[in-house]
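Trainee: Please take a close look at the interior of this model for me. I should like one connected account of how that part is built and of what surrounds it.

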Amino acid sequence: MDKKKYTSTVINANYKATLWMGVSAVLLASNVMLSSFVMTADTSEKTIVVPPQMDKPFSVQGNEASPEYIEQMARYFSQLLLTYHKKNAQSQFDTILHYTDPSVYSEMKTRFSLDYDRISRNDISSVFYLMGIHIKKNVAVITGELNGFIGSHLVSKKQKTYELRFNYNGNLSITGFNELQKDSVGSYEIIKPDEEVMIEQGELESSNIPGSLNNGVENNGQ
């Protein structure tokens with residue numbers, strides 16, 4: 001056998017072996033990377049809920065939502081909660097319940113049921129004028145003027161503060177809605193619904209004028 005031809009054949013064989021080893025190494029590395037991605041990727045279903053109108057850019061990544069997203073969702077939900085009349089209150093409350101976290105769903109449903117009974121019984125309506133909103137992580141503190149009506153008569157006009165609490169874990173959910181008031185040192189504290197029901201009952205007994213909703217429809221004399 002020609003020595004030069006033999007040497008050339010050996011070199012060519014070694015080259016091909018080295019080439020295939022390189023290709024195999026690349027394929028192995030890509031498979032390892034793909035396996036790592038599949039094992040660590042978040043494949044859970046995500047639903048990004050947006051209100052009918054968005055006037056600020058926002059971002060949602062993983063389980064984190066930007067303050068702009070929380071703010072605009074709080075604006076939307078606060079109007080459903082605080083601006084209503086007896087013909088649309090039930091449907092608006094049902095919309096809120098659709099986004100309510102399971103941990104507070106039963107409590108919120110009972111609360112809305114009591115509210116709607118008072119709304120329909122006393123022909124109550126409410127209009128909320130947003131004045132300001134402050135976001136801290138997943139909590140929105142909302143301040144505005146709440147006008148309460150019985151029939152066509154304005155019975156209250158007062159500045160109110162509320163908090164909307166959210167959780168975002170691939171899906172947005174409401175974990176709390178409360179009215180707030182400042183205590184003696186200027187910090188906010190929650191007004192509990194049960195306490196407001198007692199106040200309403202006391203007002204009905206003393207003045208025989210329909211009392212307040214949990215969200216603050218009050219008598220002018222207060």
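Mentor: Accessible areas here come from the Shrake-Rupley method with a 1.4 Å probe. On that basis the chain exposes about 14,000 Å², and carbon and sulfur atoms supply 56% of this area. The model is a predicted one. Of the 222 residues in the chain, 35% are buried.

The setting comes before the interior itself. The chain has 5 helices and 7 strands, and from the N terminus on these follow one another as α-β-β-α-α-α-β-β-β-β-β-α. Among contacts between residues at least 6 apart in sequence, 48% join residues at least 24 apart.

The largest nonpolar core contains 33 residues, and those with the most contacts inside it are Phe-77, Leu-164, Phe-166 and Leu-172. Two or more residues each come from helix 2 (67-82), helix 3 (89-98), helix 4 (102-122), strand 3 (124-136), strand 4 (139-150), strand 5 (153-168) and strand 6 (172-182). Helix 2 makes the greatest contribution, with 8 residues.

Phe-166 shows how such a residue is surrounded. Apart from neighbours within four places in sequence, Phe-166 is in contact with Ile-70, Met-73, Ala-74 and Phe-77, and also with Asn-138, Ala-140, Leu-172, Ser-173, Ile-174 and Thr-175. Two of these partners, Phe-77 and Leu-172, are themselves among the residues with the most contacts inside the core.

Helix 2 deserves attention next. Its 16 residues should span 22 Å at 1.5 Å a residue, and this agrees with the end C-alpha atoms, which are 22 Å apart. The buried residues of helix 2 are Tyr-69, Ile-70, Glu-71, Gln-72, Met-73, Ala-74, Phe-77, Ser-78, Leu-80, Leu-81 and Leu-82. Among them are Ile-70, Met-73, Ala-74 and Phe-77, which touch Phe-166. The loop between strand 2 (64-65) and helix 2 holds Ser-66. Ser-66 counts as buried because its relative accessible area is 9%, where the limit is under 20%. Its C-alpha atom is separated by 9.9 Å from that of Ile-135, although the two positions lie 69 residues apart along the chain in the sense that they are that far apart in numbering.

At the other end of helix 2, Leu-82 meets a residue of strand 3. Ser-126 lies in that strand, and a polar atom of its side chain is 2.7 Å from the backbone oxygen of Leu-82. Ser-126 is buried, since its relative accessibility is 1%. Not counting residues up to four places away in sequence, Ser-126 touches Leu-82, Thr-83, Tyr-84, Leu-146 and Asn-147.

Helix 4 also supplies residues to the core. It comprises 21 residues and reaches 30 Å from its first C-alpha to its last, close to the 30 Å expected at 1.5 Å a residue. Its buried residues are Val-104, Met-108, Arg-111, Phe-112, Asp-115, Arg-118, Ile-119 and Asn-122. Charged side chains in this list include those of Asp-115 and Arg-118, which make a polar contact with each other at 2.7 Å. Arg-118, found in helix 4, qualifies as buried because its relative accessibility is 6%.

Two loops at the ends of strand 3 carry backbone values worth noting. Most residues other than glycine have a negative phi. Asp-123, in the loop between helix 4 and strand 3, has a positive phi of about 55 degrees although it is not a glycine. Asp-123 is partly exposed, as its relative accessible area is 33%. Lys-137 occupies the loop between strand 3 and strand 4, and its phi is likewise positive, near 55 degrees. Lys-137 is exposed, with a relative accessible area of 75%.

Strand 6, which gives residues to the core, also has a partner beyond it. Strand 6 and strand 7 (residues 188-191) run antiparallel and are joined by 4 bridges. One of the pairings is that of Lys-182 with Tyr-188 in strand 7. The two strands form a hairpin with 5 residues between them, and in the turn Gly-186 has a positive phi of about 90 degrees.

Terms used
Residues are numbered from 1 along each chain as its sequence is written. This is a predicted model: local features need pLDDT of at least 70, side-chain atom pairs count only at pLDDT 80 or more; totals for chains, interfaces and linings use all residues. Side-chain values use heavy atoms; hydrogens and water are left out. A nonpolar core is a set of buried Ala, Val, Leu, Ile, Met, Phe, Trp, Tyr and Cys residues joined through side-chain atoms within 4.5 Å. Buried means under 20% relative accessible area, exposed over 50%, partly exposed in between (1.4 Å probe, protein chains only). Contact means heavy atoms within 4.5 Å. The expected span of a helix is 1.5 Å times one less than its number of residues. Two strands pair if DSSP finds at least two bridges between them. A polar contact is a pair of N or O atoms within 3.5 Å; within protein, one must be able to donate a hydrogen and the other to accept it, and residues adjacent in sequence count only if both atoms are side-chain atoms.
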